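The following exchange concerns one helix and several pairs of aromatic rings. The structure is shown first.

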Amino acid sequence: MKRVFSGVQPTGNIHIGNYLGAIRQFVELQEENECIYCIVDMHSITVPQDPKELRQHTLDVAALYLAVGIDPKKSIVFVQSDVPGHAELSWVLTCNSYTGELSRMTQFKDKSKGKESAPAGLFTYPILMAADILLYDADIVPVGNDQKQHIELCRDIAIRVNNKYKKTFVVPDGRFLKAGARIMALDDPSKKMSKSAENIHSRISLLDEPSKIKKSIMRATTDSEGSIRFDPENKPGVSNLLNIYSAFSGKEIPDIEKEYEGCGYGDFKKDLVEVTTQALAPIKERFNEIRQSDELIQILKDGAQRANAIAEKTMKRVKENFGLGLGV
């Protein structure tokens, strides 16, 4: 079996763009692969966090992982900071990385734009991301296209170290998530759906109340034409809603177009509210069952133990190859 690694930041409630674009595929991957799924809380502190909220969000995301169908019997689910090897390996990789390649990272350039200085963690967090992956000898890292640059850096570092210090790391392959629904903001379909957007009606989160889902969909941007057809260039708003409808209902977009031929946007949106609410109801129900339970904590503790057993073997090999420690 191939080993798959993926991590998600605990930045609050996961929205349907994250779910349909990535996390739903994580559930499929666990059927034929050895999967390691991590809540990367150490990445979150590259910007200031409220400690109490960070811990709550970490448990929220862990519970959502389980609620959408990730099975802790098939996959390892754990919190990044519970495995010391992430920070330990990150330092080793930092010493084998260059400021030039880090300064070319698009996300760092975007986040530090117009600032005289930026936190060093923002600059080096792609190295921590590489450590997350290389620590587990991962073969496959499922990512969106916006993470392609980070996977390339991870591969470059792994190859560089392997050329200097025997074969220390498995060089991972990025598996760019199969083409599917790219869910855009409901209020501005030219932008990706985002957790950080000011307008709460620009997104639908997995734990939203039915009343909030209804309000967000009914307010969603469309156009003045009035016909329900898929045309991302000329009708981005309607096309985005068709993507959501198709992803949650399992119906093909041409079939949905036929079903709503001659109908107005109001009827289409009302039905989309129902389709979305029904699809998210079992996720919310399972989340509520597990979120405050001892079961969740036990799953994460067990996951950390299993992850640590793999990480310790990697760190033993790294230390041996680099000449770190006593070697006994």
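The questions and answers below treat the helix and then the ring pairs.

This is a predicted model, in which local features need pLDDT of at least 70, side-chain atom pairs count only at pLDDT 80 or more, and totals for chains, interfaces and linings use all residues. Residues are numbered from 1 along each chain as its sequence is written, and side-chain values use heavy atoms, with hydrogens and water left out.

User: How far apart are the end C-alpha atoms of helix 3 (residues 51–67), and what span is expected?
Analyst: Helices are DSSP runs of H or I with at least four residues, numbered from the N terminus. The expected span is 1.5 Å times one less than the number of residues. For the 17 residues of helix 3 the expected span is 24 Å, which agrees with the end-to-end C-alpha distance of 24 Å.

User: Which residue follows helix 3, and what is its phi?
Analyst: The residue after helix 3 is Gly69. Its phi is positive, near 125°.

User: What is the geometry of the pair formed by the rings of Phe78 and Tyr136?
Analyst: Rings of Phe, Tyr and Trp (its six-membered ring) pair if their centres lie within 6.5 Å; planes under 30 degrees apart count as stacked, over 60 as edge-to-face and the rest as tilted. The centres of Phe78 and Tyr136 are 5.8 Å apart and the planes lie at 65°, so the pair is edge-to-face.

User: Is Phe78 buried or exposed?
Analyst: Buried means under 20% relative accessible area, exposed over 50%, and partly exposed in between (1.4 Å probe, protein chains only). Phe78 has a relative accessible area of 0%, so Phe78 is buried.

Terms used:
Helix = DSSP H or I, 4+ residues; strand = E, 2+ residues; numbered from the N terminus.
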